[in-house]
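Hello,

Here is the structure we talked about handing over. Please look it over first, then read my notes below.

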Amino acid sequence: MMSPDVILNDGHRMPQLGLGLMRFGSEAETAAVLASAADAGYRLFDSAAVYGNEQQVGEGLRQSGLARDEVFVTTKLWNTEHGREKPRAALAGSLQRLGLDHVDLYLIHWPLPMDDLYVETWRALIALRDEGLVRSIGVSNFTAAHLGRLIAETGIAPAVNQIEMHPRFQQRALHAFHGEHGIISQAWSPFGGGGTGGVPLLGEPVLAQIAAKHGRTPSQVVLRWLTQSGASAIPKATSAQHLADNMASLAFDLDEGDLAAIATLDSPEGRTGPDPLTFAVKHFA
Ligand SMILES: NC(=O)c1ccc[n+]([C@@H]2O[C@H](COP(=O)([O-])OP(=O)(O)OC[C@H]3O[C@@H](n4cnc5c(N)ncnc54)[C@H](OP(=O)(O)O)[C@@H]3O)[C@@H](O)[C@H]2O)c1
């Protein structure tokens with residue numbers, strides 16, 4: 001089974017469901033997961049300079065036997081590299097580590113509003129795209145206000161905004177704003193981290209009931225809720241079973257009652273990761 005593509009606002013295509021590559025193991029482990037992901041139909045691979053594994057990812061993709069034009073590789077500009085000039089060298093470093101001459105999607109990882117350099121950084125990404133070093137450009141963890149400034153000051157909307165998005169933190173207003181501007185919402189941590197009230201998201205009774213009704217798993221319900229809304233998702237998975245289950249989420253549909261029940265899980269307190277308005281970490285984790 002393969003993911004369908006979504007069409008980005010620059011005309012390029014991107015698989016809707018991909019594989020998140022944060023916190024992977026050794027080079028051999030990464031290569032083994034990438035080979036198994038390739039077999040399971042994955043073609044979108046989400047890395048970042050700060051994950052420290054671009055080299056392993058590049059090597060694993062080469063070993064997977066997939067041709068370059070079959071895969072869609074994302075990487076991200078880290079927080080130390082904002083500004084008009086720095087992104088060029090940062091991207092060159094990522095390309096060198098990945099062993100590629102271009103990436104398919106390059107994202108500004110965090111907006112760092114306290115530094116107020118994200119518009120300049122965006123201008124730099126536009127130039128890199130125009131030179132062909134990256135096919136599509138986007139952002140991550142941007143709010144509607146940040147996106148509004150990019151659009152107003154450069155005339156170019158990001159193709160993608162990769163954000164924390166799951167049933168406990170549904171991002172309805174931002175997802176709607178994305179829709180108005182042709183920006184694809186891409187969900188990170190779709191399974192919701194550890195959970196806020198002590199119950200992990202995938203243990204939510206509402207999700208269990210919907211899963212049982214369709215003969216699916218709670219994780220498949222979550223992913224289908226995302227993809228059915230037009231969002232992209234990049235769950236991290238390492239086991240062959242999880243990889244296959246996640247891809248198979250595309251093979252069923254939720255009904256209106258399911259969607260209404262999932263809507264009740266949304267919470268303003270549901271965020272599990274950092275708040276983009278205050279996140280300012282500059283070191284490599
Ligand atoms: N842009 C950003 O700021 C940002 C921030 C955080 C994450 N991300 C991206 O988003 C990706 C995913 O986020 P994440 O890694 O935090 O969390 P996640 O995808 O929500 O959850 C990953 C965890 O879920 C497990 N899992 C996977 N499939 C499952 C299934 N079918 N059933 C039950 N459990 C399952 C995985 O286990 P196994 O590994 O054992 O399979 C892993 O422990 C990252 O890898 C990264 O690429 C981006």
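**Salt bridges**

Arg13 is exposed, because its relative accessibility is 51%. Its partner Asp5 is partly exposed, at 34%. The two side chains form a salt bridge, with N and O 2.9 Å apart. Please keep in mind that this is a predicted model.

A search of the whole structure gives 17 salt bridges. Side chains of opposite charge can pair when their charged atoms come close. Some of the bridges are described here.

Lys76 pairs with Asp46 in another salt bridge, and the closest N and O atoms are 2.7 Å apart. This pair connects distant parts of the chain. Lys76 is in strand β5 (residues 72-77), Asp46 is in strand β4 (residues 44-46), and 30 residues separate them. Both ends are out of the solvent in the sense that Lys76 is buried and Asp46 is buried too.

Arg62 and Glu59 form a salt bridge as well, at 3.3 Å from N to O. Both residues are in helix α2 (residues 54-64). They are 3 residues apart there, so about one helical turn separates them. Arg62 has a relative accessible area of 45%, so it counts as partly exposed. Glu59 is also partly exposed, at 27% relative accessibility. Elsewhere, Arg68, Asp104 and Arg135 are joined into one network by salt bridges that share partners.

**The ligand**

How many residues surround the ligand? There are 27, and the closest are Asp46, Ser189, Thr238, His242 and Asn246.

Asp46 turns up again here, after its salt bridge with Lys76. An N or O atom of the Asp46 side chain lies 2.7 Å from a ligand oxygen. The side chain of Ser189 also has an N or O atom 2.7 Å from an oxygen of the ligand. Ser239 contributes through its backbone: a polar atom there is 3.4 Å from a ligand oxygen. How much of the ligand does the protein bury? Taken alone, the ligand exposes 910 Å², and the protein buries 82% of that.

**Aromatic pairs**

The count of aromatic pairs is 3. A pair of aromatic rings is described by the distance of the centres and the angle of the planes.

For Trp110 and Trp188, the ring centres are 6.4 Å apart and the planes are at 65°, so this pair is edge-to-face. It links distant parts of the chain. Trp110 is in the loop between β6 and α4, whereas Trp188 is in strand β9 (residues 184-188), 78 residues apart. Trp110 and Trp188 are both buried.

Tyr118 and Phe142 are edge-to-face too, with 5.4 Å from centre to centre and 80° between the planes. Tyr118 belongs to helix α4, and Phe142 to the loop between β7 and α5 (144-154), so the pair ties together parts 24 residues apart in sequence. Tyr118 and Phe142 are both buried.

Which residues form an aromatic cluster? Trp110, Trp188 and Phe279 make up one cluster.

**Backbone**

Most residues other than glycine have a negative phi, and most peptide bonds are trans. Two residues here are worth a look in that light.

Leu112 is not a glycine, yet its phi is positive, at about 45°. Leu112 is in the loop between β6 (103-108) and α4 (118-130). That loop also holds Trp110. Is Leu112 buried or exposed? It is buried, because its relative accessible area is 0%.

Gln171 is not a glycine either, and its phi is about 60°, again positive. Gln171 sits in the loop between β8 (160-164) and α6 (172-180). Its relative accessible area is 19%, and the cut-off for buried is under 20%. Gln171 therefore counts as buried.

**Confidence**

The protein chain has an average pLDDT of 96, and 98% of the residues score at least 70. Where is confidence lowest, and where is it highest? The lowest is in helix α1 (residues 27-39), at a mean of 96, and the highest is in strand β7 (residues 134-140), at 99. Where pLDDT is low, the predicted coordinates should not be read in detail.

Best regards

Note on methods: Residues numbered from 1 in each chain as written. Heavy atoms only, no water. Salt bridge = Lys/Arg side-chain N within 4 Å of Asp/Glu carboxyl O. Buried < 20%, exposed > 50% of the residue type's maximum accessible area, 1.4 Å probe, protein only. Helix = DSSP H or I, 4+ residues; strand = E, 2+ residues; numbered from the N terminus. pLDDT = per-residue confidence, 0-100. Near = heavy atom within 4 Å. Polar contact = N/O pair within 3.5 Å; in protein donor to acceptor, adjacent residues only side chain to side chain. Areas by Shrake-Rupley, 256 points an atom, 1.4 Å probe, with all protein chains shown as cover. Phe/Tyr/Trp six-rings, centres within 6.5 Å; stacked < 30°, edge-to-face > 60°.
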